[in-house]
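I set out to record what the coordinates show about fold, charge pairs and aromatic contacts. My entries follow the order in which I looked things up.

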Amino acid sequence: MILSRECIERPRTPVELRAFVEGVFKSVPADRDEYRLGLGKVDLYKEFLDELVPLSLFATIAYPEDYVVQLILGNQGYDATVREPKSDRVVDRVEITLPHDGREASVDSGLVAERGCGTIHLGSPGDDLAALFPHVTKACESKASKDYGDCTLVLAIAALSPVSGFEDRYEQLIQDLVGTMKTFTFRAKRVFLLVMPERLVLIQSESPRPQPRLGAWTLD
């Protein structure tokens with residue numbers, strides 16, 4: 001599968017969007033050239049990995065199954081729109097951020113492309129999650145300095161699943177990260193932390209209670 005602007009920006013329901021993303025992950029490794037482009041986040045693979053993948057996970061949790069989600073490439077101040085299926089009314093705009101160590105990720109993906117495996121990391125369970133803290137803090141500082149109006153901000157992180165026996169440490173790290181994020185004041189409709197693939201935490205909302213139809217998240 002070769003990614004195109006048309007397939008990236010095609011409006012889809014949350015289930016359709018997630019199916020498309022999973023289809024790309026299944027088909028690309030079979031094409032060596034496309035696989036190398038994906039590892040290096042070349043061309044549209046950067047938008048696919050940094051925006052569309054977390055958007056697909058967020059959408060399946062946060063919106064009704066018949067809503068229509070569309071990634072929009074460009075510099076318009078948000079990454080996606082969400083519409084009601086019948087009226088086509090825009091009910092949300094979403095800005096996605098994926099805080100991570102870009103330099104380390106680039107080196108690691110280069111090694112995978114060259115020799116089939118990346119860097120070996122030694123440490124304690126949860127260290128990879130703790131290593132994301134400065135990148136999340138930096139992203140929060142940047143986002144809090146801007147006015148996103150009626151947009152929903154989603155900060156998505158990818159970390160290894162908790163190792164058996166260390167779930168408490170993992171949970172404490174998540175709570176520490178949530179606490180840090182809540183020290184910031186964002187000018188946005190809502191702010192979420194998405195711990196990929198399926199944990200969603202509400203960080204900030206204009207309303208004292210989440211909207212019922214968009215309420216499939218964890219309140220910490």
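The entries below cover the overall fold, then one helix, then the salt bridges and the aromatic rings.

**Entry 1. Overall fold**

I note at the outset that this is a predicted model. I counted the secondary structure of the protein chain and obtained 8 helices and 6 strands. Reading from the N terminus, I wrote the order of elements as α-α-α-α-β-β-β-α-α-α-β-α-β-β. I then looked up burial: the protein chain has 220 residues, and 44% of them count as buried. For contacts between residues at least 6 apart in sequence, I found that 63% join residues at least 24 apart.

**Entry 2. Helix α3**

I turned next to helix α3, which spans residues 32-39. Which residues of this helix are buried? I listed Glu34, Gly38 and Leu39. Viewed down the axis of α3, these buried residues fall within an arc of 140°, so they line one face of the helix. On the face turned away from the buried side I found the exposed residues Arg32 and Asp33.

I also checked both ends of α3. At its start, a side-chain oxygen of Asp31 comes to within 3.1 Å of the backbone nitrogen of Asp33. After the helix comes Lys41, for which I recorded a positive phi, near 55°.

**Entry 3. Salt bridges**

Side chains of opposite charge can pair when their charged atoms come close. How many salt bridges does the structure hold? My count came to 13 salt bridges. I examined three of the pairs individually.

I began with Arg83 and Asp88, whose side chains meet in a salt bridge at 3.9 Å, N to O. Arg83 is partly exposed, with a relative accessible area of 25%. Asp88 is also partly exposed, and I noted 47% relative accessibility for this residue.

I then looked at Asp150 and Arg93, which form a salt bridge at 3.3 Å, N to O. Asp150 lies in the loop between α7 (133-144) and β4 (151-158), while Arg93 belongs to strand β3 (residues 90-97), so the pair ties together parts that are 57 residues apart in sequence. Asp150 counts as partly exposed at 44% relative accessibility. Arg93 counts as partly exposed as well, at 25%.

For the third pair I took Asp127 and Arg169, with a salt bridge at 3.5 Å, N to O. This pair links distant parts of the chain: Asp127 is in helix α6 (residues 127-130) and Arg169 in helix α8 (residues 167-181), 42 residues apart. I recorded Asp127 as partly exposed at 32% relative accessibility, and Arg169 as partly exposed with a relative accessible area of 33%.

I finally searched for salt bridges that share partners, and found that Lys41, Lys46 and Asp50 are joined by them into one network. Lys41 had already appeared in my notes as the residue with positive phi that follows α3.

**Entry 4. Aromatic pairs**

A pair of aromatic rings is described by the distance of the centres and the angle of the planes. I counted 5 aromatic pairs in the structure. One of them is formed by Phe58 and Phe192; this pair is tilted, with 5.5 Å centre to centre and 55° between the planes. The two rings link distant parts of the chain, since Phe58 sits in helix α4 (residues 45-62) and Phe192 in strand β5 (residues 190-196), 134 residues apart. Are these two residues buried or exposed? Phe58 is buried at 1% relative accessibility, and Phe192 is buried at 0%.

I also recorded the pair of Phe184 and Phe186, again tilted, at 6.2 Å centre to centre and 40° between the planes. Phe184 counts as buried at 17% relative accessibility. Phe186 counts as buried at 4%. In addition, I found that Phe20, Phe25 and Phe48 form one aromatic cluster.

**Entry 5. Charges over rings**

My last search concerned charged side chains over aromatic rings. Arg12 lies over the face of Phe20, at 4.0 Å from the ring centre; Phe20 is the ring that I had noted in the cluster with Phe25 and Phe48. The charged end of Arg93 sits over the ring of Tyr78, 5.5 Å from its centre. I had already entered Arg93 as the salt-bridge partner of Asp150.

Conventions. Residues numbered from 1 in each chain as written. Predicted model: local features only at pLDDT ≥ 70, side-chain atom pairs only at ≥ 80, totals over all residues. Heavy atoms only, no water. Salt bridge = Lys/Arg side-chain N within 4 Å of Asp/Glu carboxyl O. Buried < 20%, exposed > 50% of the residue type's maximum accessible area, 1.4 Å probe, protein only. Helix = DSSP H or I, 4+ residues; strand = E, 2+ residues; numbered from the N terminus. Arc of directions from axis to C-beta. Polar contact = N/O pair within 3.5 Å; in protein donor to acceptor, adjacent residues only side chain to side chain. Phe/Tyr/Trp six-rings, centres within 6.5 Å; stacked < 30°, edge-to-face > 60°. Lys NZ or Arg CZ within 6 Å of the ring centre and 35° of its normal. Contact = heavy atoms within 4.5 Å.
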